[in-house]
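Got your viewer open? Let's take a walk through this one, stop by stop, with something to select at each.

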Amino acid sequence: RQHMARGLPKQKPVAGVKQVIVVASGKGGVGKSTTAVNLALGISANDQTKSVGLLDADVFGPSIPKLMNLKGNPELTEKNLMRPLMNFGIPCMSMGFLVEETAPIVWRGLMVMSAIEKLLRQVDWGHLDYLVVDMPPGTGDVQLTITQNIPVAGAVIVSTPQDIALLDARRGAEMFRKVNVPVLGLVQNMSVFQCPKCQHQTHIFGADGARELARTLGVDVLGDIPLHLNIREMSDRGQPVVVSSPDSPEAEAYRNVASAV
Ligand code: ADP
């Protein structure tokens with residue numbers, strides 16, 4: 001905290017990238033990665049002239065390879081940069097492309113920092129209007145490293161409406177404020193489940209928690225994503241709903257978040 005009070009170290013933009021948007025959450029399992037993927041695809045679906053990339057900064061538990069149905073090692077360019085792997089028109093980079101899927105990733109602070117640096121900068125991103133970064137959950141060193149080393153245009157915070165998730169989401173929002181990253185808003189995920197048989201709606205994790213938190217923090221709600229079987233099933237198959245079921249209400253919900261960003 002001391003060194004932060006003395007001002008941020010010099011930030012250096014990522015070559016070729018206009019705007020970095022980080023997708024964060026206070027805790028794991030709230031749908032952050034699923035949102036990051038569908039947000040990237042949503043931005044590109046809403047405006048096909050925009051080029052969008054995806055960086056998986058969750059070096060401990062990378063999920064982008066599976067969600068984007070990508071596997072394998074990046075090739076090296078003549079300049080010795082890694083070429084991102086590409087699917088659905090989105091160039092992606094993830095620690096999951098560099099280590100075995102089942103290998104336990106046990107490493108220490110400094111190694112994590114240099115890994116993040118490599119995933120950000122030793123990559124031939126080409127020209128991107130947006131680089132969407134799937135952050136690890138929580139408010140740790142990785143989040144600080146990223147926000148201190150690159151100019152971040154804004155943070156999107158994903159939370160369920162449940163108290164415990166909201167508490168952590170609040171911590172996340174406060175961290176971004178401390179490091180002068182604008183919080184673009186909250187995405188409330190899994191707020192409503194509609195029974196596919198009788199259409200009855202149930203608020204499994206509560207109804208409006210994230211909306212209330214957004215109000216107290218003075219930030220926007222970028223959208224509500226329903227708890228939907230299609231989202232889980234398609235994500236598990238590496239077919240994100242924005243591309244696999246573009247006409248569904250759940251895909252529309254993600255595109256709405258993308259246009260609010
Ligand atoms: P996080 O990145 O926060 O750990 P994930 O995006 O990996 O969370 O999501 C955790 C699990 O919840 C995954 O199996 C994902 O498919 C599922 N999931 C996320 N959002 C939804 C949703 N709105 N409806 C149904 N399942 C969801």
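Which residues come nearest to the ligand? Before you click, keep in mind that this is a predicted model. Now select G31, K32, S33, T34 and R232: of the 18 residues around the ligand, these come nearest.

**Stop 1: the shell around the ligand**

Show the whole shell and color it by class. You should get 6 nonpolar, 10 polar and 2 charged residues. Then color by element of secondary structure: α2 (32–46), β7 (183–194), β9 (221–227) and α8 (229–236) each supply at least two residues of that shell.

**Stop 2: β7 and its partners**

Stay with β7, one of those contributors to the shell. Is this strand mostly covered or open? Mostly covered: 9 of its 12 residues are buried.

Next, bring up the strands that pair with β7. Select β6, residues 154–159, which pairs with β7 in the parallel sense over 5 bridges. To find a spot where they meet, click A155, whose bridge partner in β7 is V183. Now add β9, which also pairs with β7 in the parallel sense, over 5 bridges. Here the pair to pick out is L186 and its bridge partner V221 in β9.

Then select β8, residues 201–202. β8 and β7 run antiparallel and are joined by 2 bridges. Look for F193, which stands opposite T202 in β8. The hairpin of β7 and β8 has 6 residues between the strands, and in this hairpin Q199 takes a positive phi near 65°.

While you have strands on screen, a general reminder: in a regular strand the side chains alternate between the two faces of the sheet.

**Stop 3: two helix pairs**

Switch to the helices. Packed pairs of helices are described by the angle between their axes and the distance between the axes.

Select α6 (residues 163–178) together with α7 (residues 209–217). They pack at an angle of about 30°, with their axes 10 Å apart, and α6 and α7 are therefore roughly parallel to each other. The crossing of these two, α6 and α7, is right-handed.

Now swap in α4 (109–121) and α5 (residues 141–149). The axes of α4 and α5 come within 10 Å and cross at roughly 40°, so this pair counts as oblique. α4 passes α5 in a right-handed crossing too.

**Stop 4: far in sequence, together in space**

Click L98, in the loop between β4 (90–94) and α4. L98 counts as partly exposed because it has 16 C-beta neighbours inside 10 Å. Draw a distance from its C-alpha to that of N73: the two residues are 25 apart along the chain, and the separation is 6.0 Å.

Then go to D129 in strand β5 (residues 128–134). With 15 other C-beta atoms within 10 Å, D129 is partly exposed. Its match for this stop is V52, 77 residues away in sequence but 6.0 Å away in space, C-alpha to C-alpha.

**Stop 5: two positive phi values**

Finish with a pair of backbone curiosities. Select N80, in the loop between α3 (64–67) and β3 (85–87). Its phi is near 65°, a positive value in a residue other than glycine.

Then pick F88, in the loop between β3 and β4. F88 is not a glycine either, yet has a positive phi of about 50°.

Buried or exposed: which is F88? F88 is buried, because 21 C-beta neighbours lie inside 10 Å. N80, by contrast, has 8 such neighbours inside 10 Å and so counts as exposed.

Conventions:
Residues numbered from 1 in each chain as written. Predicted model: local features only at pLDDT ≥ 70, side-chain atom pairs only at ≥ 80, totals over all residues. Near = placed C-beta within 6 Å. Helix = DSSP H or I, 4+ residues; strand = E, 2+ residues; numbered from the N terminus. Nonpolar A, V, L, I, M, F, W, Y, C, P; charged D, E, K, R; others polar. Buried ≥ 20, exposed ≤ 12 C-beta atoms within 10 Å, placed from the backbone. Pairing = 2+ DSSP bridges. Axes fitted to C-alpha atoms, helices over the stretch in contact; angles between N-to-C directions. Parallel < 35°, antiparallel > 145°, perpendicular 65-115°, else oblique. Left-handed = near helix turned anticlockwise from the far one by under 90°.
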